[in-house]
Amino acid sequence: MKTAGVTGSQVRESPIDERFRLIAVKRYLKNVKEISVASGLSKWVFCCPFCSAMGRTEAKRNELKGELLWNALQNFCVFFCAKKGSPHCSGGGKTLEKFLSALEEELAEKYKRDRWHSGTTGEGHNCPAPKAIQQIHKSTKLTNVDFLTCLHLDD
């Protein structure tokens, strides 16, 4: 787990984010390098999984244009691609959840499920609830508080 020095506090990558970031690195990313940046934070640079294959030469295909950066203000990783050569990597930064969704929908659903169980999805968070939870919630007439109480009683 990376510790990032932020004035007055220590910010840590959550165990869930770290686990899924490492899964993405192992399964989908090529030529990954961890780089320390100012303020003691880390960023991970790699060949963009969405647009690197479109390079005309081997050198272009191996350029490290994708990166995961730790956003200390909001306490989560953000994906950026400097090349922006694909719809999946253009349009600014993506949260880890959206990055995982673009890589593999099933992996993203597992991530959302883990985040949901830890209480860090939905309103006020950077990750929506898993699809199964959203569908159950839409089909019931319960308020949010009653709905969450019922689900936690079943655990």
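Q: What percentage of the 155 residues in the protein chain do buried residues make up?
A: This is a predicted model. Buried residues make up 35% of the 155 residues in the chain. The accessible surface comes to about 9,200 Å². Carbon and sulfur atoms hold 54% of that surface.

Q: How many helices and strands does the secondary structure come to?
A: The chain has 6 helices and 7 strands. Along the sequence the pattern reads β-β-α-β-β-α-β-β-β-α-α-α-α. Now add the contacts. Among those with a separation of 6 or more, 38% are between residues 24 or more positions apart.

Q: In what order do the 5 strands of the open sheet come?
A: First, the general idea. Strands of a sheet pair through backbone hydrogen bonds, either parallel or antiparallel. Here the order is E3-E4-E5-E6-E7, and the pairing is antiparallel.

Q: Which strands stand at the edges?
A: Strand E3 (30-36) and strand E7 (94-95) do. Each has a single partner strand, so one side of each lacks a neighbour in the sheet.

Q: How many bridges join E3 to E4, and how many join E4 to E5?
A: E3 and E4 are joined by 5 bridges and run antiparallel. Between E4 and strand E5 (residues 66-71) there are 4 bridges, again antiparallel. The hairpin of E3 and E4 has 5 residues between the strands. There, Ser39 takes a positive phi near 75 degrees.

Q: Which residues are the bridge partners of Trp44 and Val45 in E5?
A: Trp44 has Leu68 as its bridge partner in E5. For Val45, the partner in E5 is Glu67. Towards E3, Glu34 stands opposite Trp44. As a general point, side chains in a regular strand alternate between the two faces of the sheet.

Q: What sits over the ring of Trp44?
A: The charged end of Arg21. This charged end is 4.0 Å from the ring centre.

Q: How many of the 6 residues of E4 are buried?
A: In E4, 6 of the 6 residues are buried, so the strand is largely enclosed by the rest of the structure. One of the strand's residues is Phe46, and Phe46 has a relative accessible area of 0%.

Q: How many aromatic pairs does the structure hold?
A: There are 6. A pair of aromatic rings is described by the distance of the centres and the angle of the planes. Take Phe46 and Phe79 as one of the pairs. Their ring centres are 6.2 Å apart and their planes stand at 15 degrees, so the pair is stacked. Phe46 lies in strand E4 (residues 42-47) and Phe79 in strand E6 (residues 76-81). The two are 33 residues apart, so the pair links distant parts of the chain. Both Phe46 and Phe79 are buried.

Q: Is the pair of Phe46 and Phe99 stacked or tilted?
A: Tilted: the centres are 6.4 Å apart and the planes are at 40 degrees. This pair also links distant parts of the chain, with Phe46 in E4 and Phe99 in helix H3 (residues 96-103), 53 residues apart. Phe99 is buried, at a relative accessible area of 0%.

Q: Which residues do ring pairs link into a cluster?
A: Phe46, Phe50, Phe79 and Phe99.

Q: Where is Ser118 found?
A: In the loop between helix H4 (105-117) and helix H5 (131-139). Ser118 is partly exposed, with a relative accessible area of 41%. The side chains of Ser118 and Thr120 share a polar contact of 2.9 Å. Ser118 and Ile16 are 102 residues apart in sequence, but 9.0 Å apart in space, C-alpha to C-alpha.

How values were computed
Residues numbered from 1 in each chain as written. Predicted model: local features only at pLDDT ≥ 70, side-chain atom pairs only at ≥ 80, totals over all residues. Heavy atoms only, no water. Buried < 20%, exposed > 50% of the residue type's maximum accessible area, 1.4 Å probe, protein only. Polar contact = N/O pair within 3.5 Å; in protein donor to acceptor, adjacent residues only side chain to side chain. Phe/Tyr/Trp six-rings, centres within 6.5 Å; stacked < 30°, edge-to-face > 60°. Lys NZ or Arg CZ within 6 Å of the ring centre and 35° of its normal. Pairing = 2+ DSSP bridges. Contact = heavy atoms within 4.5 Å. Areas by Shrake-Rupley, 256 points an atom, 1.4 Å probe, with all protein chains shown as cover.
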